[in-house]
Amino acid sequence: MMWWGTLGFVIIEGSTLLVLAFSYIYLARNFDSWPPAHVPPPSPGVFGVQAAVMLLSLVPMILVDRGARRVDLRTVRWGMVIVCAFAIATCVLRGFELRALNVRWDSSAYGSVAWGVLVAHATLLLLETAESLVFTAVLFKPDLEERDLSAASDNAIYWYFLTLTWLPLGGLVFLSPYFM
Amino acid sequence: MSAPMPGDALAGRLTPSEHDAVRRLDQTWRQEPGFRGWLRSVDHKPIALRFLVTAFVFFLLGGLEAATMRAQLSRPENTLVGPDLYNQIFTMHGTTMMFLFAVPVMTAMGLYFVPLMIGTRNVAFPKLNAYGYWVYLFGGLFLYVSFFLNTGPDTGWFSYVPLAGPEFSPGKRVDVWAQTVTFTEIASLVGAVELIVTIFKNRAPGMTLNRMPLFVWAMLVHAFMILFAMPWIATASQMLAMDRLVATHYFNPAEGGDALLWQHLFWFFGHPEVYIIFVPALGFVSSMVSTFTRRPVFGYPAMVFSMVATAFLGFGLWVHHMFATGLPALSESFFTGSSIMIAIPSGVQIFCWIATIWYGRPRFTVPFLFVLGFVVLFIIGGFTGVMVASVPFDLQVHDTYFVVAHFHYVLIGGAVTPLLGAVYYWFPKITGRMMSERLGRWQFWLFFVGMNVTFFPMHWLGFRGMPRRVYTYLAETGWGGLNLTASAGAALIAISVVLFLINVVRSLRAGAPAGPDPWGGDTLEWATSSPPPPYSFAFLPVVGSREPLWEPGGMTVATGLRTDVREVLVTTLLDAAPDSTHRHPQPTIWPFVAAVGTAVTFITLIFTPWGVVIGFPMLFAAFTGWAWPRGDDHREQLMVDHAS
């Protein structure tokens, strides 16, 4: 049942990210060069690290998801601890990604929309990190029920969504200035 | 003895063990008493009723704003309201009616009646439902408190840039608008998720998608439209807020931003918004037409397909709000085509209803009068809609009162009129009492005549060049007579609304007892008592046709759901075969706390971006409390870590 709720939130938040991606492409048409003249392009190195970290994080997440379906409490517990570590790491890396944009949010529409894409996705990352921490704490409760484990699968779906959306969005912001 | 009917609890036809089951249900699903219970409720009927009452309060406030505008415009160069206050009033009127009344009231009708019509006990996520209401209430209160503090928004309900940007609208008025929109979007999205998941996964056994009432289809379409449209305005309003708060330049042409970007983002939401409001009304009409003609609505597949087509097409029209912005002619022509096309599914539905009435045995009760009124008013509004869909015509009437006339005909005629009928129709179910037919007839005719006297002259005013959003006009324009007529019509509407309120209050106190099924309806909400008990149905119905209450030989019921815990049945998506059960929560304060945290975050964000930092810990704490499994929730099947 909760799967459906997660799917609903994926659609809602995916639309939010789509709005910013659309705005990014729309606003680029207002500029002769992208980034604008005298603005350095973003440094893609940090994005590469973030992308690798997020892809790596899928491994423990998939293990947690499968563990929950097998009702294997141990795998789910310790897998979620690792997932939380990855989640916190992605949040920290997001801060570095913002710096790697090499532009302020208030310098031009280019800066605003590049920050906008990163900050919107970062908000979802922060929320998901918080949710993962709470869920992990719940897993260590003494009177845990079998049905409480199903939240692991919902967590997994949302984590896959965040990873899979970051690859094209980050690519749009960090790599397209080299092609546009 | 034959199997018990869903509403048999009150009929005294139960065996002793069935009686025990009902007593346990009473205990398990009981509402907590007092103010504490009110804050902690997670049951869909009280929550939906709160939504309905709150939405109608906003309807009255929006109506007072309208009355003020009509009073000011009744004479040339009137001095009742100055330009600044007038700007706030038309903005508040639009924002209130669109965001605080029209969408929430429709979602609320769904939140109350969809679980009943599909034969389940609650919506899919009870705590989320409660949270949605509190967020809505706080958003509306926030807007009106701001208005009374002279910080009400004043740039129109659509808040166009650059007027709404930091340069031309200093202060916090537009920020209040942006955050009100955020509150209401969250609440609507919550309601949409509830409706979709409940409809897909909680239908009674046997209620295949093909057997769902047309009302339920309408609410499903409404919910999907919300899901895809609302994130656009939620994001856009935050982008506007950031332009004003932290000097981003999304909409600032001087730094490469784009004023038209705002219009695209707003209207990509704004056009589906009106169909979000309109489609549930189609569901009300179908329910009332079938009951009051005593036959199923003609052309069920065509009706379903029309509502779905309206939703899809509704996402392809938004540029018709931007015909005067200088976009390329070819792209504008495309939107002329799509805007005209959307009349087709609406037309199909109207013909199906006419066929139903023609081949049925109509009973001209007050709800049915409102259905007939809807047909007349909506057709008029639809005609003018097809007119303004044409670019050359729209270039003449854009931003004139012709457009005001058009959208009030489709919104009042297409949504409010069926809604009023729906109130007369379902008031007996919600309260257990009938409304007065006599007062209802007076109210209907006053409303119908008043509506036409108010808005029909506005077509001519538009042709004669009267622009929108002006606080007064000169006598030499010659607009005085038509404006005075429109204002007189508004007085008639106001009287009809007062009559409606009198009818509601008197009927609550002394209306005739309704019984479970006063109208002879065909859908499942009429198979239980009026008002329904908290658990809705003593025994879950099993459905074998589209009109379960009109099946010969009585109804089948399902047994086996636990009565000692709050449990609902989960069924498969297409065929509604029993699949599993879902445990529902006990009453809890955490949705309320989470809503307070949300309000603190968004209101603080108006003044400082640190609002996120301030609000986030509160939200985190509230979420923890919300999600933490509770000790009193009947812990079972405890987990053991096999390694320890």
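Two residues count as in contact here if their C-beta atoms, placed from the backbone, lie within 7 Å. Keep that cut-off in mind for the views below, which come from a predicted model.

**Figure 1. Chain A, an all-in-one look at five helices and zero strands.** Read along the sequence, the pattern is simply α-α-α-α-α. Taken along the principal axes, the C-alpha atoms of chain A fill a box of roughly 60 × 30 × 25 Å. Chain A has 180 residues, and 43% of them count as buried. Now for the contacts: if you take those in chain A between residues at least 6 apart in sequence, 81% join residues at least 24 apart.

**Figure 2. Helices α1 and α5 of chain A, side by side.** Here α1(A) covers residues 2-28 and α5(A) covers residues 151-175. Their axes come within 10 Å and cross at roughly 10 degrees. Angles under 35 degrees count as roughly parallel, so α1(A) is roughly parallel to α5(A). On the α1(A) side, look for M2(A), W3(A), T6(A), V10(A), G14(A), L17(A), A21(A) and Y24(A). Facing them, α5(A) brings A151(A), S153(A), D154(A), I157(A), Y158(A), F161(A), T165(A), L169(A) and L172(A). Sorted by class, that contact has twelve nonpolar, four polar and one charged residues.

**Figure 3. Where chain B touches chain A.** Chain B puts 45 residues into this contact, and chain A puts in 36. On the chain B side, the elements that give two or more residues are α6 (173-201), α7 (214-245), α8, β4 and α18 (611-627). The biggest giver on that side is α7(B), with eight residues. By class, the chain B side splits into 28 nonpolar, ten polar and seven charged residues.

**Figure 4. Helix α8 of chain B meeting helix α12 of chain B.** These two run over residues 259-293 for α8(B) and 366-388 for α12(B). The axes come within 10 Å, with a crossing angle of roughly 125 degrees. An angle of that value makes α8(B) oblique to α12(B). As for handedness, α8(B) passes α12(B) in a left-handed crossing. From α8(B) the players are V285(B), M288(B), V289(B) and F292(B), and they meet P367(B), F368(B), V371(B) and F374(B) in α12(B). Tally the residues of this contact by class and you get eight nonpolar, no polar and no charged.

**Figure 5. Helix α3 of chain B against helix α16 of chain B.** Residues 44-73 make up α3(B), while residues 480-510 make up α16(B). Their axes come within 9 Å and cross at roughly 150 degrees. Angles over 145 degrees count as roughly antiparallel, so that label goes to α3(B) and α16(B). The crossing of α3(B) past α16(B) is left-handed. Zoom in on G63(B), A66(B), A67(B), R70(B), A71(B) and L73(B) in α3(B), which meet N483(B), A486(B), S487(B), A490(B), A494(B) and V497(B) in α16(B). By class, the residues of this contact divide into eight nonpolar, three polar and one charged.

**Figure 6. The hairpin of β3 and β4 in chain B.** Strand β3(B) spans residues 567-571, strand β4(B) spans residues 578-583, and the two pair in the antiparallel sense over five bridges. To get your bearings, find E567(B), whose bridge partner in β4(B) is R583(B). Another pairing to pick out is L569(B) with T581(B), its bridge partner in β4(B). Six residues sit between the strands, and in this hairpin A576(B) takes a positive phi near 55 degrees. The strand β4(B) turns up in the interface view too, as one of the elements giving two or more residues to the side of chain B that touches chain A.

**Figure 7. L549(B) and its partners from elsewhere in the sequence.** L549(B) is found in the loop between β1 (540-542) and β2 (556-558) of chain B. With 19 other C-beta atoms within 10 Å, L549(B) is partly exposed, because burial takes 20 or more. Leaving aside neighbours within four places in sequence, L549(B) is in contact with G521(B), D522(B), T523(B), W526(B) and A527(B). Take D522(B) from that set: L549(B) and D522(B) are 27 residues apart in sequence, but 4.7 Å apart in space, C-alpha to C-alpha.

Definitions and conventions
Residues numbered from 1 in each chain as written. Chains lettered and ligands numbered in written order. Predicted model: local features only at pLDDT ≥ 70, side-chain atom pairs only at ≥ 80, totals over all residues. Pairing = 2+ DSSP bridges. Helix = DSSP H or I, 4+ residues; strand = E, 2+ residues; numbered from the N terminus. Axes fitted to C-alpha atoms, helices over the stretch in contact; angles between N-to-C directions. Parallel < 35°, antiparallel > 145°, perpendicular 65-115°, else oblique. Left-handed = near helix turned anticlockwise from the far one by under 90°. Nonpolar A, V, L, I, M, F, W, Y, C, P; charged D, E, K, R; others polar. Buried ≥ 20, exposed ≤ 12 C-beta atoms within 10 Å, placed from the backbone.
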